[in-house]
Amino acid sequence: MNDLVTKHRDYLLLLLSECAIQQVDYFWNSFIDYEADRPGEDLWQTPRETLEKGFGNCDAVAIGKYFDLIALGYTPLLDYCKVVGGPYHLRCQCGGVMLDSQDRSAETIFTFDQHTGYIAINGRPVTTQPTSKILPRWVAVQDRMKLEAAEDKPKTHRSEHGHN
């Protein structure tokens, strides 16, 4: 392949990836109605819970974006942030693109993903997992998603003689 053909292919792949990320962001920001938690609550929903309800807070939207991007083959991250002059906030990032459901200034407290727990706190890599009130919510979301997946699996029926 000549250099221009290779550049063109790489350009198209870049456009495809940028469009996919933007479309995931667009879907969750456009079709999920925002509803804040009640005072004193910080509920994290699975993507299915959010889609079935049709509403959720910034945490629900970020989690939905995160798992959609994983399904598309990306390796997104989640940022737990403190909004300037406001509450704590969860947002998704992927490939250097910040996918935030709200346009406001926020300071990242820590970043994490599905597999490794906390990756960074205040921008510094973490070698041990800190004690946090947030991790149990993340574990609970993943546990509920496993239950949802198990409910979706087709059930096999056995006859009286043990044959399918």
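Me: What makes strand 6 and strand 7 a hairpin, and how many residues sit between them?
Reply: In this predicted model, strand 6 and strand 7 form a hairpin with 3 residues between them. The two strands, residues 106-113 and residues 117-121, run antiparallel and are joined by 4 bridges. Pairing takes at least two bridges between two strands, so 4 bridges qualify strand 6 and strand 7 as a pair.

Me: Which residues stand opposite each other in that pair?
Reply: D113 stands opposite G117 in strand 7, and T111 stands opposite A120.

Me: What is T111 paired with in strand 3?
Reply: T111 in strand 6 is the bridge partner of D79. Another pair between these strands is K82 with E107 of strand 6. Strand 3 and strand 6 run antiparallel, with 6 bridges joining them.

Me: How do you know that strand 3 pairs with strand 4 as well?
Reply: Count the bridges again: there are 6 between strand 3 and strand 4, in the antiparallel sense. The cut-off is at least two bridges, so strand 3 and strand 4 count as paired. D79 turns up here too, standing opposite R91 in strand 4. The hairpin of strand 3 and strand 4 has 4 residues between the strands, and G85 there takes a positive phi near 70 degrees.

Me: Why is strand 3 called mostly covered?
Reply: Of its 7 residues, 5 are buried. Buried means under 20% relative accessible area. For the protein, 32% of the 164 residues count as buried.

Me: What makes strand 5 and strand 8 edge strands?
Reply: Look at the order of the open sheet of 6 strands, 5-4-3-6-7-8, with antiparallel pairing. Strand 5 (97-99) and strand 8 (124-125) each have a single partner strand, so one side of each has no neighbour in the sheet.

Me: Why is V126 called partly exposed?
Reply: V126 has a relative accessible area of 22%. Buried stops under 20% and exposed starts over 50%, so V126 at 22% falls in between and counts as partly exposed. V126 lies in the loop between strand 8 and helix 4. Leaving aside residues up to four places away in sequence, V126 touches Y118, I119, A120 and I121. As for T111, 15 residues apart from V126 along the chain, the C-alpha atoms of the two are separated by 9.8 Å.

Me: Where does helix 3 lie relative to the strands?
Reply: Helix 3 lies across strand 3, strand 4, strand 5 and strand 6, and runs at about 20 degrees to strand 4.

Me: Why are helix 3 and helix 4 called oblique to each other?
Reply: Two packed helices are described by the angle between their axes and the distance between the axes. The axes of helix 3 (residues 58-71) and helix 4 (residues 135-152) come within 13 Å and cross at roughly 55 degrees. Roughly parallel needs an angle under 35 degrees, and roughly perpendicular runs from 65 to 115. Roughly 55 degrees fits neither, so helix 3 and helix 4 are oblique. Their crossing is right-handed.

Me: Which residues meet where helix 3 and helix 4 touch, and what classes are they?
Reply: I63, Y66 and F67 in helix 3 meet W138, V141 and M145 in helix 4. By class, that contact has 6 nonpolar, no polar and no charged residues.

Me: How many helices and strands does the protein have?
Reply: The protein has 4 helices and 8 strands, in the pattern α-β-α-β-α-β-β-β-β-β-β-α along the sequence.

How values were computed: Residues are numbered from 1 along each chain as its sequence is written. This is a predicted model: local features need pLDDT of at least 70, side-chain atom pairs count only at pLDDT 80 or more; totals for chains, interfaces and linings use all residues. Side-chain values use heavy atoms; hydrogens and water are left out. Axes are lines fitted to C-alpha atoms, for helices over the stretch in contact, and angles run from 0 to 180 degrees between N-to-C directions. Angles under 35 degrees count as roughly parallel, over 145 as roughly antiparallel, 65 to 115 as roughly perpendicular and the rest as oblique. A crossing is left-handed if the near helix is turned anticlockwise from the far one by less than a right angle, and right-handed if clockwise. Contact means heavy atoms within 4.5 Å. Ala, Val, Leu, Ile, Met, Phe, Trp, Tyr, Cys and Pro count as nonpolar, Asp, Glu, Lys and Arg as charged, and the others, Gly among them, as polar. Buried means under 20% relative accessible area, exposed over 50%, partly exposed in between (1.4 Å probe, protein chains only).
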